[in-house]
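Trainee: I'd like a close look at one part of this model: how the helices pack. Take me through it pair by pair, please.

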Amino acid sequence: MIETTTLTPLGHQILEHWRRHRPMMVEKLAKGNQLQQAVFAAQELTGNLLYELTVVQKMDYQPAWEIATREWAFLPDENDQPQLSFDPATLDPHQPFPAISV
(Lines give C-alpha, C1' and ligand atoms only; values in the text may rest on other atoms or scores of the structure.)
Protein backbone atom coordinates (compact mmCIF):
# COMPACT_ATOMS: atom_id res chain seq x y z
CA MET A 1 0.00 0.00 0.00
CA ILE A 2 1.25 3.48 -0.81
CA GLU A 3 1.44 5.78 2.17
CA THR A 4 -0.46 9.06 2.19
CA THR A 5 2.86 10.88 2.57
CA THR A 6 3.55 10.14 -1.10
CA LEU A 7 0.53 12.18 -2.10
CA THR A 8 1.16 15.66 -3.45
CA PRO A 9 -1.26 18.52 -2.83
CA LEU A 10 -2.98 17.40 -6.05
CA GLY A 11 -3.34 13.90 -4.63
CA HIS A 12 -4.99 15.28 -1.50
CA GLN A 13 -7.35 17.36 -3.68
CA ILE A 14 -8.25 14.23 -5.64
CA LEU A 15 -8.93 12.27 -2.46
CA GLU A 16 -11.12 15.05 -1.05
CA HIS A 17 -13.01 15.37 -4.34
CA TRP A 18 -13.59 11.61 -4.52
CA ARG A 19 -14.78 11.51 -0.91
CA ARG A 20 -17.25 14.33 -1.56
CA HIS A 21 -18.48 13.31 -5.02
CA ARG A 22 -17.94 9.55 -5.21
CA PRO A 23 -18.35 8.22 -1.64
CA MET A 24 -19.51 4.75 -2.71
CA MET A 25 -16.46 4.36 -4.96
CA VAL A 26 -14.18 5.52 -2.13
CA GLU A 27 -15.80 3.06 0.28
CA LYS A 28 -15.38 0.19 -2.20
CA LEU A 29 -11.74 1.09 -2.86
CA ALA A 30 -11.04 1.47 0.88
CA LYS A 31 -12.61 -1.93 1.66
CA GLY A 32 -10.40 -3.49 -1.00
CA ASN A 33 -7.36 -1.67 0.40
CA GLN A 34 -6.94 0.04 -2.99
CA LEU A 35 -7.86 3.66 -2.21
CA GLN A 36 -4.37 5.07 -1.70
CA GLN A 37 -3.04 3.23 -4.74
CA ALA A 38 -5.89 4.55 -6.92
CA VAL A 39 -5.46 8.13 -5.69
CA PHE A 40 -1.70 7.95 -6.23
CA ALA A 41 -2.19 6.63 -9.77
CA ALA A 42 -4.76 9.36 -10.55
CA GLN A 43 -2.35 11.97 -9.17
CA GLU A 44 0.55 10.74 -11.28
CA LEU A 45 -1.50 10.34 -14.46
CA THR A 46 -3.01 13.80 -14.05
CA GLY A 47 0.37 15.43 -13.44
CA ASN A 48 1.98 13.61 -16.35
CA LEU A 49 -0.84 14.54 -18.72
CA LEU A 50 -0.68 18.16 -17.58
CA TYR A 51 3.06 18.17 -18.34
CA GLU A 52 2.47 16.57 -21.75
CA LEU A 53 -0.17 19.14 -22.68
CA THR A 54 1.60 22.26 -21.38
CA VAL A 55 5.27 21.55 -22.00
CA VAL A 56 5.32 19.12 -24.89
CA GLN A 57 2.24 20.23 -26.81
CA LYS A 58 2.52 23.90 -25.71
CA MET A 59 -1.12 24.20 -24.65
CA ASP A 60 -2.12 27.07 -22.38
CA TYR A 61 -2.20 26.01 -18.73
CA GLN A 62 -5.90 26.53 -17.92
CA PRO A 63 -7.35 24.43 -20.78
CA ALA A 64 -4.68 21.79 -20.13
CA TRP A 65 -5.63 21.72 -16.43
CA GLU A 66 -9.31 21.27 -17.35
CA ILE A 67 -8.52 18.34 -19.64
CA ALA A 68 -6.01 16.67 -17.32
CA THR A 69 -8.11 16.86 -14.17
CA ARG A 70 -11.28 15.69 -15.95
CA GLU A 71 -9.67 12.40 -17.01
CA TRP A 72 -8.83 10.79 -13.64
CA ALA A 73 -8.82 13.37 -10.86
CA PHE A 74 -12.03 15.34 -10.51
CA LEU A 75 -14.52 12.68 -11.48
CA PRO A 76 -18.23 13.39 -11.98
CA ASP A 77 -20.61 12.98 -9.07
CA GLU A 78 -21.97 9.46 -8.54
CA ASN A 79 -25.54 10.78 -8.89
CA ASP A 80 -24.74 12.26 -12.30
CA GLN A 81 -22.63 9.38 -13.62
CA PRO A 82 -22.90 6.21 -11.51
CA GLN A 83 -20.56 4.20 -13.76
CA LEU A 84 -17.14 5.38 -14.89
CA SER A 85 -15.51 4.36 -18.15
CA PHE A 86 -12.66 2.83 -16.12
CA ASP A 87 -12.12 1.07 -12.80
CA PRO A 88 -10.10 3.34 -10.47
CA ALA A 89 -8.70 0.23 -8.75
CA THR A 90 -6.89 -0.70 -11.96
CA LEU A 91 -5.31 2.68 -12.70
CA ASP A 92 -1.63 2.39 -13.50
CA PRO A 93 0.53 5.52 -13.16
CA HIS A 94 2.43 4.39 -16.27
CA GLN A 95 -0.54 3.67 -18.54
CA PRO A 96 -0.72 5.54 -21.85
CA PHE A 97 -2.63 8.80 -22.11
CA PRO A 98 -6.05 8.89 -23.73
CA ALA A 99 -6.29 10.28 -27.23
CA ILE A 100 -6.64 14.04 -26.85
CA SER A 101 -6.78 16.43 -29.74
CA VAL A 102 -5.43 19.87 -29.04
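Mentor: Start with α3 and α4, whose crossing is right-handed (the near helix is turned clockwise from the far one by less than a right angle; anticlockwise would be left-handed). This is a predicted model, so local features need pLDDT of at least 70 and side-chain atom pairs count only at pLDDT 80 or more, while totals for chains, interfaces and linings use all residues. Residues are numbered from 1 along each chain as its sequence is written, and side-chain values use heavy atoms, with hydrogens and water left out. Helices here are DSSP runs of H or I with at least four residues, numbered from the N terminus.

Helix α4 covers residues 61–72, and its axis sits 9 Å from that of α3, at an angle of about 150° (axes are fitted to C-alpha atoms over the stretch in contact, angles running from 0 to 180 degrees between N-to-C directions). That makes the two roughly antiparallel (over 145 degrees; under 35 is roughly parallel, 65 to 115 roughly perpendicular, the rest oblique). On the α3 side, A42, L45, T46, L49, L50, L53 and T54 do the touching; α4 answers with Y61, A64, W65, I67, A68, T69, E71 and W72 (contact means heavy atoms within 4.5 Å). By class that's 11 nonpolar, 3 polar and 1 charged (Ala, Val, Leu, Ile, Met, Phe, Trp, Tyr, Cys and Pro are nonpolar, Asp, Glu, Lys and Arg charged, the others, including Gly, polar).

Now bring in α1, residues 9–21: its axis comes within 9 Å of the axis of α3 (residues 35–56), crossing at roughly 125°. The pair is therefore oblique, and this crossing is right-handed too. From α1 you get L10, G11, I14, L15 and W18, set against L35, Q36, A38, V39, A42, Q43, T46 and G47 of α3. Sorted by class, there are 8 nonpolar and 5 polar residues, with no charged ones. Notice A42 and T46: both touch α1 and also α4.

Last pair: α1 with α2, residues 23–31, where the axes come within 5 Å and cross at roughly 115°. So α1 is roughly perpendicular to α2. Here W18, R19, R20 and H21 of α1 meet P23, M25, V26 and L29 of α2, a set of 5 nonpolar, 1 polar and 2 charged residues. W18 is worth a click, since α1 uses W18 against α3 as well as against α2.
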